[in-house]
Number of protein chains: 2
Amino acid sequence: MMMNMPFSVPAMLEHAEKYFGKKYVVSRTSSGVTKITYKEISERTRRLASALTNLGIQKRERVGTFAWNHHRHLEAYFGIPGAGGVLHTVNIRLSPQHIVYVINHAEDTMLLIDEELLPLIENVQDQLTTVHTYIVMTDRPELPETTLKNVYHYEHLLQKGDPNFQFVEVEDENDPVGMCYTSATTGNPKGVVYTHRSTCLHSYGLGLVDTAAICERDVAMAVVPMFHANAWGMPYACVWFGSTLVLPGPMFTPKILLELIQEEKVTLAAGVPTIWIGLLQELERQSYDTSSLRAVLCGGSAAPKGMIDAFVNKHHIPFIHAFGMTETSPLATVSRLKAYQQGISMDEQLSYLTRQGFVAPGLEIKAIGQNGEIAWDGKEMGELLIRGHWIAAEYYNDERSEGAFENGWFYTGDVVTIDEEGSIKIVDRMKDMIKSGGEWISSVDLENVLMGHPAVLEAAVIGVPHDRWQERPIACVVLKEGVTVSKEELIEYLVPSFAKWWLPDEVVFMNEIPRTSVGKFLKKALREQLNNHFVS
Amino acid sequence: MMMNMPFSVPAMLEHAEKYFGKKYVVSRTSSGVTKITYKEISERTRRLASALTNLGIQKRERVGTFAWNHHRHLEAYFGIPGAGGVLHTVNIRLSPQHIVYVINHAEDTMLLIDEELLPLIENVQDQLTTVHTYIVMTDRPELPETTLKNVYHYEHLLQKGDPNFQFVEVEDENDPVGMCYTSATTGNPKGVVYTHRSTCLHSYGLGLVDTAAICERDVAMAVVPMFHANAWGMPYACVWFGSTLVLPGPMFTPKILLELIQEEKVTLAAGVPTIWIGLLQELERQSYDTSSLRAVLCGGSAAPKGMIDAFVNKHHIPFIHAFGMTETSPLATVSRLKAYQQGISMDEQLSYLTRQGFVAPGLEIKAIGQNGEIAWDGKEMGELLIRGHWIAAEYYNDERSEGAFENGWFYTGDVVTIDEEGSIKIVDRMKDMIKSGGEWISSVDLENVLMGHPAVLEAAVIGVPHDRWQERPIACVVLKEGVTVSKEELIEYLVPSFAKWWLPDEVVFMNEIPRTSVGKFLKKALREQLNNHFVS
């Protein structure tokens, strides 16, 4: 019938080598901004794969990277699989304890490390049980001083590598090609292993007009880190489709990003809401030419309406609001108006675009609520389940796979509503939902309104065990300095927005709300603290 | 690791049902133009699959269609695989003898036939050895008079079908989903069997920005017949991505097509050069609003520079010149300027766009010439080989697979040059190339220049066996009425354009050049006629 060729990540780079050899990567490193053609990148990647082979890499062996976004990291994306290994992008922002955990758990044998990040690895090297070789990525001609043992200079290795090295052929497209760990609220990070097949299919997903539309004429800037869900897959898609790829390197500022946009005529920039907040602030201070931007791609957490408004109406930059997770490669949904929705008012459009949108072709969703699969009415709430061609089937060697992956579906842990267009809206994390009398209450909805009260600095709402109702909401509130407000006043403030049974039974005033290492509310700690509030 | 879900063609329609239920198909049938939503199409397709199941369809059983482009044919595209069967789109333009051959060779058990095309099947029904059931697609409430035996009315079958029928689940994505036969210059047509996997991956290919960029906001008109390489895959891609699909039905004219473009605000129209010639002529006669068109997609045979020029510069309609074959699903290459080529002059751009372009991501090419793999220098000639995720691996139950599919490559039979950008230019059919003294001469190049001579109406150049040089070119020329020109004059006319050894040794004047059933030069007949010209 038809050829059944295995998908191959190194073959994506070979496509760029043949058809986009003159196109280039804009790479910012500690010594400045350089441009390297895909022809050069390919040759350097072949040298890297050759060097890793000389260092004894075995098939499926994990090689870690500990690096910012730059051309050497890109070479590792293709060179490690090109040598038959598996790329493990270690999140540099993890705690030292978790850095040790993920490297040992993945059994990385080699680590490619940015010069600037050496101290973080030096400090834990004695606890790394499987790493036998360190490779330092630096612009300096010589190896910087380091306490690491068995350490190589990346460029010296490349010099000795073979520029015509033939990448290891992919025999099974379901072989592993990369892995990322996703941080859990409690316990150690959980590993996701990507395959050649899933990575290539996800790239097709990113090239579709109604998702990210990544294409040859794009100058695409990945602000999202390459150690975070593969920079949303952009390094793969941009290489395959021949886009100019802009990698902004270490410790960038909004100013640096805007200068790159202006100078390189960036057409697509991808990052989390925090990045865009910073960019908007910098645009207030100084003007930059951002007219080359065809879109800003935003994910990682929900984009507020005001931010979308500022981009679309103040700066005339289209805003693509997307949703995904490490377990979903990450592209899952994109918020877009359908052709027949174009006529609604700008305000309605902006509100609509705060939803997370509908799934890319190749994925399927449903949501399970209190009474089974929820209606697509925009009201009923349920946990989002997702399956498809680039969705994880399990966590790597981890008992927590049970419960998260069942009957062929991934249970995202996110609670959503789905409207009749199929667009999802994330209302809460499953574990933070408050289950009261057989119904669900969204902690996030209550918090959002509470934080609109002029006296409230921060608010976290949690469900606390209750004899009669199973759980009841308690609001934990931090007031602004020098302001006072009563519990009753705050509850009264919520009345117009919610059904009566949604209103918190209690308001607890605090000095601060405990947070996780990445700055999210640590509701687990609050629940422990208030666990016995209603029951004895 | 990652989920390894099988690709499924019925799942594409289910995606449209969920996310694009309000979008519609514009279908022109004998009784006029109607709009049917994807929600309705889905329900009707479920009814069709249910009806076929009631008629006893077995897994992998072939069901033929003999029909123009309209919504019922679209329902068959999804309903036949949805019932576990294989869609065989019979080319209505084949000779009666070949129609019988392909239906019997595919072992079609049922045939869905357009009312207008009934006579063609009635005439051959006695020779059809495997068909046990006929289904007539018609707008009339009752079955038209017919000599066919065991015949059903499509709409009556649907009425009895189950609107909630669950499509047969795909267990192996490499299972067959459809088949087309491609006409051979000699002998019977050759069958290609598409799989769920190849069809879905080909659709991703069509959705990429740098190929056809098919997307939700498109109003896409498939002028290319649904019995010809699956209308280039548009029915699948448009459904999956939620485009409005315009199907122009039976016996359309340029006027009808332009009215559809104007009234439905068509954004993308796909067809062969002949269609576009007719459209350009009609645009000369009368003006239509074509401003909605974002592109015309042209393939099937080479688009001449003048045609591209007329669309781009006279009518301001971007022109996408593509190349493919039944064996390649069909999308193979697309002619596009890269970002850094945008600065060249309009004339250079137009010349460049007459090339067939470079391959879509997921495909690979090379070309084999006299001395092995050719250089990508735009000069050396070789037979185009292609492989990838939507390329056939064999002809269906056909000894001619040998020679055409070897070592994992499909030998296209087309001779190309490849330039340094990777863009191919088809210079001839392999069997029409003239092999002279160990070098190749392109018959097409010689013909193109000859036909530029004011006295020449038609010219076909063939290679004829030669004792010393293996083959030498002879030009067969038909002169315009009432004109004379000498052999020497014609040869002289070629001198400035070609190396001396390319010049034909002989010019034979004829009254007409024999043609195949689809209107191409029948060079085989010419070669037989002149076979002994140089040798005794």
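**Entry 1: the loop at A:Pro330 and its counterpart in chain B**

I began with A:Pro330, which lies in the loop between strand S14 (319–324) and strand S15 (331–335) of chain A. The model I am reading is a predicted one, and I keep that in mind for every entry below. A cis peptide bond joins A:Ser329 to A:Pro330, with omega at about 15 degrees. I then turned to chain B, where B:Ser329 and B:Pro330 are likewise joined by a cis peptide bond with an omega of about 15 degrees, and where B:Pro330 sits in the loop between S14 and S15.

B:Ser329 held my attention for a second reason, since its phi is near 85 degrees, a positive value in a residue other than glycine. Most residues other than glycine have a negative phi, and most peptide bonds are trans. At 5% relative accessibility B:Ser329 counts as buried. I also looked at the strands that flank this loop in chain B: S14 (residues 319–324) and S15 (residues 331–335) run antiparallel and are joined by 4 bridges, and B:Ala322 stands opposite B:Val334 of S15(B).

I noted a positive phi at B:Ala213 as well, about 55 degrees in a residue that is not a glycine. B:Ala213 is found in the loop between helix H7 (196–207) and S10 of chain B, and with a relative accessibility of 9% it counts as buried.

**Entry 2: the open sheet of chain B**

Next I traced the sheet, which in chain B is an open one of 9 strands in the order S2-S1-S11-S10-S12-S13-S14-S15-S16, with mixed pairing. Its edges are strand S2 (32–37) and strand S16 (358–359), each of which pairs on one side only.

Which strands pair with S11(B), and in what sense? Strand S1 (residues 24–29) pairs with S11(B) in the parallel sense over 3 bridges, and strand S10 (residues 219–222) also runs parallel to S11(B), joined to it by 3 bridges. As registers I wrote down B:Val25 with B:Leu245 as its bridge partner in S11(B), and B:Val219 with B:Thr244.

Are the faces of S11(B) covered or open? In a regular strand the side chains alternate between the two faces of the sheet. For S11 (residues 244–247) I found both faces covered, with B:Thr244 and B:Val246 buried on one side and B:Leu245 and B:Leu247 buried on the other.

I followed the chain from S10(B) through helix H8 (residues 234–241) into S11(B), and these three elements make a right-handed β-α-β unit. Helix H9 (residues 254–264) of chain B lies across S1, S2, S10 and S11, running at about 170 degrees to S10(B).

**Entry 3: salt bridges within the chains**

The structure holds 70 salt bridges over all chains, of which I looked up a few. A:Arg355 forms one with A:Asp419, the closest N and O atoms being 3.6 Å apart. A:Arg355 lies in the loop between helix H12 (346–353) and strand S16 (358–359) of chain A, and A:Asp419 in the loop between strand S21 (409–418) and strand S22 (424–429), so this pair ties together parts that are 64 residues apart in sequence. Both A:Arg355 and A:Asp419 are buried.

In chain B, the side chains of B:Arg72 and B:Asp139 meet at 2.9 Å, N to O, in a salt bridge. Because B:Arg72 belongs to helix H3 (residues 71–82) and B:Asp139 to the loop between strand S6 (133–137) and strand S7 (151–153) of chain B, the pair ties together parts that are 67 residues apart in sequence. B:Arg72 is buried at 7% relative accessible area, whereas B:Asp139, at 28%, counts as partly exposed.

For a local pair I took B:Glu528 and B:Lys524, whose side chains meet in a salt bridge of 3.6 Å, N to O. They are 4 residues apart in helix H16 (residues 523–530) of chain B, and are therefore separated by about one helical turn. B:Glu528 is exposed at 56% and B:Lys524 partly exposed at 39%.

**Entry 4: the interface of chains A and B**

Finally I looked at the contact of the two chains, where 64 residues of chain B touch 64 residues of chain A. The area buried between them is about 5600 Å², with carbon and sulfur atoms giving 61% of that area. B:Met1, B:Met2 and B:Met3 supply 17% of the area that chain B buries against chain A, more than any other three residues. I counted 8 salt bridges across this interface. I also noted the salt bridge of B:Glu421 with A:Lys22, whose closest N and O atoms are 2.5 Å apart.

Notes: Residues are numbered from 1 along each chain as its sequence is written. Chains are lettered from A and ligands numbered from 1 in the order in which they are written. This is a predicted model: local features need pLDDT of at least 70, side-chain atom pairs count only at pLDDT 80 or more; totals for chains, interfaces and linings use all residues. Side-chain values use heavy atoms; hydrogens and water are left out. Buried means under 20% relative accessible area, exposed over 50%, partly exposed in between (1.4 Å probe, protein chains only). Helices (H or I, at least four residues) and strands (E, at least two) are DSSP runs, numbered from the N terminus. Two strands pair if DSSP finds at least two bridges between them. A crossover is right-handed if, with the strands pointing away from the viewer, the path from the first strand over the helix to the second runs clockwise. A salt bridge is a side-chain nitrogen of Lys or Arg within 4 Å of a carboxyl oxygen of Asp or Glu. Contact means heavy atoms within 4.5 Å. Axes are lines fitted to C-alpha atoms, for helices over the stretch in contact, and angles run from 0 to 180 degrees between N-to-C directions. Buried area is the accessible area (1.4 Å probe) that two parts lose on being put together, summed over both.
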